Amino acid sequence: MPKRVDRDERRRHIGAAVLRLIASHGLEAASLRNVAAEAQVSMGTVQHYFTTKQEMLDFAQRYNYERATVRIPKLIAQVPEPRTIRSVLRAVLADLLGLDGESREGARLGAAMFAYAIIDPQAAATARMGYDGLTGFLATQLHAAQDNSELPACLDPHQTARHLCAVVTGLCGPALIGACTPS
């Protein structure tokens, strides 16, 4: 009897290989041959699940955002009690900076995908979705902090979330190339 393969799981497996390649070698490394080798599947298998490179990259980008939605609550859970808005934002935003380990891979991947989104309209739409999700999450955290009197009521949570993202984005590149140190 033939082995049943979970289509979604196989696509995520290939998508994870695409993400690893992009994070370690840049977007141009995400060729059919390289992806197949990284995923340890045949090129035919990659082509079966993704008919074009564009489709594969778009899936990988969406999958990366899905992974972030799982990672962020885990980061927050690791923040020692009592959690303050400062400690929560510090954990999340420091992770986005890519200062070490897994977060560095994520930041490198984010930078490569952002550059791709600048020139590809479909990738830009997906990147906007991720950005809106992140700023929405941050705004929710900021609003909750206002409700707990940790922040002044006059603060606009959505505008502040956008400012925080702009600062992190501005620091990420210099951090990744070593122009800024983690400290």
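1. Let's start with a handy rule: the expected span of a helix is 1.5 Å times one less than its number of residues. Helices here are DSSP runs of H or I with at least four residues, numbered from the N terminus. Helix 4 has 25 residues, so at 1.5 Å a residue it should span 36 Å, and its end C-alpha atoms are indeed 36 Å apart.

2. A quick word on what you're looking at. This is a predicted model, where local features need pLDDT of at least 70 and side-chain atom pairs count only at pLDDT 80 or more, while totals for chains, interfaces and linings use all residues. Residues are numbered from 1 along each chain as its sequence is written, and side-chain values use heavy atoms, with hydrogens and water left out.

3. Back to helix 4, and which of its residues are buried (under 20% relative accessible area with a 1.4 Å probe, protein chains only; over 50% is exposed, and in between is partly exposed). The buried residues of helix 4 include Met56, Leu57, Phe59, Tyr63, Ile72 and Ile76; Asp58, Gln61 and Asn64 are also among them. What do they pack against? The partners are helix 1, helix 2 (32-39), helix 3 (43-49), helix 5 (85-97), helix 6 (101-119) and helix 7 (121-147).

4. Now for the rings. Rings of Phe, Tyr and Trp (its six-membered ring) pair if their centres lie within 6.5 Å; planes under 30 degrees apart count as stacked, over 60 as edge-to-face and the rest as tilted. That rule gives 2 aromatic pairs. One is Phe50 with Phe59, a tilted pair at 5.4 Å centre to centre with 50 degrees between the planes. The pair of Phe59 and Tyr63 is stacked, at 6.1 Å centre to centre and 10 degrees between the planes.

5. Phe59 and Tyr63 are about one helical turn apart, because 4 residues separate them in helix 4 (residues 53-77). Together, Phe50, Phe59 and Tyr63 make up one aromatic cluster. Phe50 is buried at 3% relative accessibility, and Phe59 is buried at 11%.

6. Phe59 has another visitor: the charged end of Arg11 sits over its ring, 4.6 Å from the centre. (That takes NZ of Lys or CZ of Arg within 6 Å of the ring centre and within 35 degrees of the ring normal.)

7. Finally, look at Arg10 in helix 1 (residues 7-25). Is Arg10 buried or partly exposed? Arg10 is partly exposed, at 24% relative accessible area. Leaving out residues up to four places away in sequence, Arg10 touches Val5, Val41, Thr45 and Tyr49, where contact means heavy atoms within 4.5 Å. Arg10 and Val41 are 31 residues apart in sequence and 9.9 Å apart in space, C-alpha to C-alpha.

Terms used
Helices (H or I, at least four residues) and strands (E, at least two) are DSSP runs, numbered from the N terminus.
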